[in-house]
Amino acid sequence: FTKCNSIQEGGAISSGIMKSDGMSEGDNDLSCNNCSFIECSSGNGGALYFQNGNEEGNEEVYLTNSQFINCFASNCEGYAISSRSYIFSLSNCTFADHNYEIDYKKHSIVFIKMDEDNVAPTLNYCTFNNNSGPSSILLDIKMPATIVRFSFNNYHYDKYKLNPCVNLDDWVIQPTDGTGSVTFDECNFTNISNVHCVYMTQPNFEATFTYCNFRNNRIDTNGLGGPCGPSIYSEASGNVSVKGCTFVNNSSDGQGGAIYADVQSIEINDCIFLSCCTSSIQGYDFGGAVCLYGADALGSETIYNCSFENCTSSYSGGGLYIYCRDYEGKSLKDVPDIPVDQDYIIYINSCNFTGCKSEKEGGAISSGINQEGEVSGDNDLQIYECYFIECESGSGGALYFQDGTTEGDEQTIILS
């Protein structure tokens with residue numbers, strides 16, 4: 001299907017019709033295998049559109065081994081695919097060259113909506129390549145979902161844009177029996193420039209990344225600096241868990257060469273960070289691999305069993321930088337449901353730092369900042385069973401902690 005178009009639904013293929021009473025008819029099972037859709041366009045579903053299905057109709061859509069190139073949806077919903085089918089399966093498909101300037105963040109290449117609370121889409125082995133503008137995929141479903149071995153490659157902007165490759169703020173995963181979740185399993189994010197691979201700031205559901213690879217991703221703000229995190233950006237009420245993932249050659253000119261996150265919005269365990277860096281013209285950047293911002297922390301946080309190798313920052317925290325919640329005053333240990341003494345302590349357990357460097361403070365780990373004699377962002381840290389090998393900095397070759405006070409009661413505990 002080449003340069004096929006329609007005004008309303010499905011530039012290449014559409015199934016069924018929506019009646020005036022809001023019910024659909026004429027939709028049933030469809031399978032597309034080894035098809036190509038090139039420069040197709042419509043209002044919704046630039047190439048394919050499927051009506052709203054239900055359990056009684058048991059409509060099924062199976063899309064396999066097909067390619068979608070430079071398709072477009074004028075109403076933003078699914079530049080390639082818009083589906084509301086009861087059963088939806090997408091496997092071994094490629095989405096390429098969707099490059100558009102957009103002014104509204106809810107544009108997506110694939111849009112999937114499922115109203116039933118007993119089904120989730122099947123999403124396996126797809127590739128998104130050389131796209132920019134619309135986010136890759138948007139889900140609006142009522143069951144937990146798993147995305148397996150998707151690859152997101154070669155997203156590029158000349159200047160930084162807030163058009164993430166995967167914008168989880170636009171997603172809805174809302175089971176009737178509790179909190180929703182999505183898992184990205186063994187996915188790849190490669191060569192993505194000046195946009196975030198993953199972006200989440202809303203508490204809509206839990207997003208888990210297991211055994212994913214993030215390689216050669218970067219953000220260059222042209223000297224503006226600030227929060228970056230080209231691979232993962234999780235702020236405010238985001239809910240991201242990162243387990244067993246690998247980050248290689250990620251970089252930014254601000255805060256977080258691979259990950260930037262508010263402390264309460266992320267869990268990082270069993271991950272590898274290799275040759276990640278921050279470097280800025282002003283020389284005022286933090287966290288060559290990871291920058292955690294904890295000014296609004298709600299409790300303690302743990303980073304467990306991670307490896308940082310040859311990660312660098314031109315200012316502070318070659319591997320890891322933490323801006324802690326700078327709490328002064330009465331301890332909250334007597335407040336119900338907060339039983340610990342160090343209410344906002346950051347635990348760094350069983351981590352290895354090898355060849356990490358920074359120019360100013362903390363070749364491996366640094367906490368807080370001193371601006372013209374005013375210290376902020378320092379609080380309690382515990383480092384347990386960690387190794388620091390050949391790390392370098394101007395001060396604190398491996399570790400640097402700011403000047404504490406009696407009022408601040410900052411505590412640093414280094415064990416084993």
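**A walk through the predicted model**

Let me begin with a single residue, Ser91, which counts as buried because its relative accessibility is 11%, and the cut-off for being buried is under 20%. I should say straight away that what we are looking at is a predicted model, so please keep that in mind for everything that follows. Ser91 sits in strand β12, which covers residues 87–91. If we leave aside residues up to four places away in sequence, Ser91 is in contact with Leu63, Thr64, Asn65, Asn124 and Cys126.

From there I would like to turn to the nonpolar cores. The largest of them has 92 residues, and the members that touch the most other members are Phe95, Trp171, Phe209, Phe247 and Phe273. Another core lies apart from that one; it is made of nine residues, including Tyr233, Cys291, Tyr315 and Ile369.

Let me stay for a moment with Trp171, which counts as buried because its relative accessibility is 1%. Which residues does Trp171 touch, not counting those up to four places away in sequence? They are Ile137, Leu138, Leu139, Ile147, Val166, Val182, Phe184, Asn204 and Phe205.

One of those contacts leads us to the aromatic pairs, of which the structure holds 28. In one of them, the rings of Phe150 and Phe152 have their centres 6.2 Å apart, and because their planes stand at 50° the pair is described as tilted. Both Phe150 and Phe152 are buried. Trp171 and Phe184 also form a tilted aromatic pair, with 6.0 Å from centre to centre and 35° between the planes. That pair links distant parts of the chain, since Trp171 is in the loop between β20 and β21 (172–173) while Phe184 is in strand β22 (residues 180–185), and the two are 13 residues apart. Phe184, for its part, has a relative accessibility of 0% and therefore counts as buried.

Now to the charged side chains, where the count comes to six salt bridges, and I will take three of them in turn.

The side chains of Glu39 and Lys3 meet in a salt bridge, at 3.9 Å from N to O. Here too distant parts of the chain are linked, for Glu39 lies in the loop between β5 (36–38) and β6 (41–42), and Lys3 lies in the segment before β1 (13–15), 36 residues apart. How accessible are the two partners, Glu39 and Lys3? Glu39 is partly exposed, at 34% relative accessibility, whereas Lys3 is exposed, with a relative accessible area of 56%.

Next, the side chains of Lys161 and Glu101 form a salt bridge at 3.7 Å, again N to O. Lys161 is in the loop between β19 (151–153) and β20 (166–167), and Glu101 is in the loop between β13 (94–96) and β14 (108–113), so this pair ties together parts that are 60 residues apart in sequence. Lys161 counts as partly exposed, at 31% relative accessibility, while Glu101 is exposed, with a relative accessible area of 62%.

The last salt bridge I will describe joins the side chains of Asp140 and Lys113, at 3.1 Å from N to O. Asp140 belongs to strand β17 (residues 135–141) and Lys113 to strand β14, so the pair ties together parts that lie 27 residues apart in sequence. Lys113 is partly exposed, with a relative accessible area of 23%. Finally, a network of salt bridges links Lys113, Asp115 and Asp140.

Notes:
Residues are numbered from 1 along each chain as its sequence is written. This is a predicted model: local features need pLDDT of at least 70, side-chain atom pairs count only at pLDDT 80 or more; totals for chains, interfaces and linings use all residues. Side-chain values use heavy atoms; hydrogens and water are left out. A nonpolar core is a set of buried Ala, Val, Leu, Ile, Met, Phe, Trp, Tyr and Cys residues joined through side-chain atoms within 4.5 Å. Buried means under 20% relative accessible area, exposed over 50%, partly exposed in between (1.4 Å probe, protein chains only). Contact means heavy atoms within 4.5 Å. A salt bridge is a side-chain nitrogen of Lys or Arg within 4 Å of a carboxyl oxygen of Asp or Glu. Helices (H or I, at least four residues) and strands (E, at least two) are DSSP runs, numbered from the N terminus. Rings of Phe, Tyr and Trp (its six-membered ring) pair if their centres lie within 6.5 Å; planes under 30 degrees apart count as stacked, over 60 as edge-to-face and the rest as tilted.
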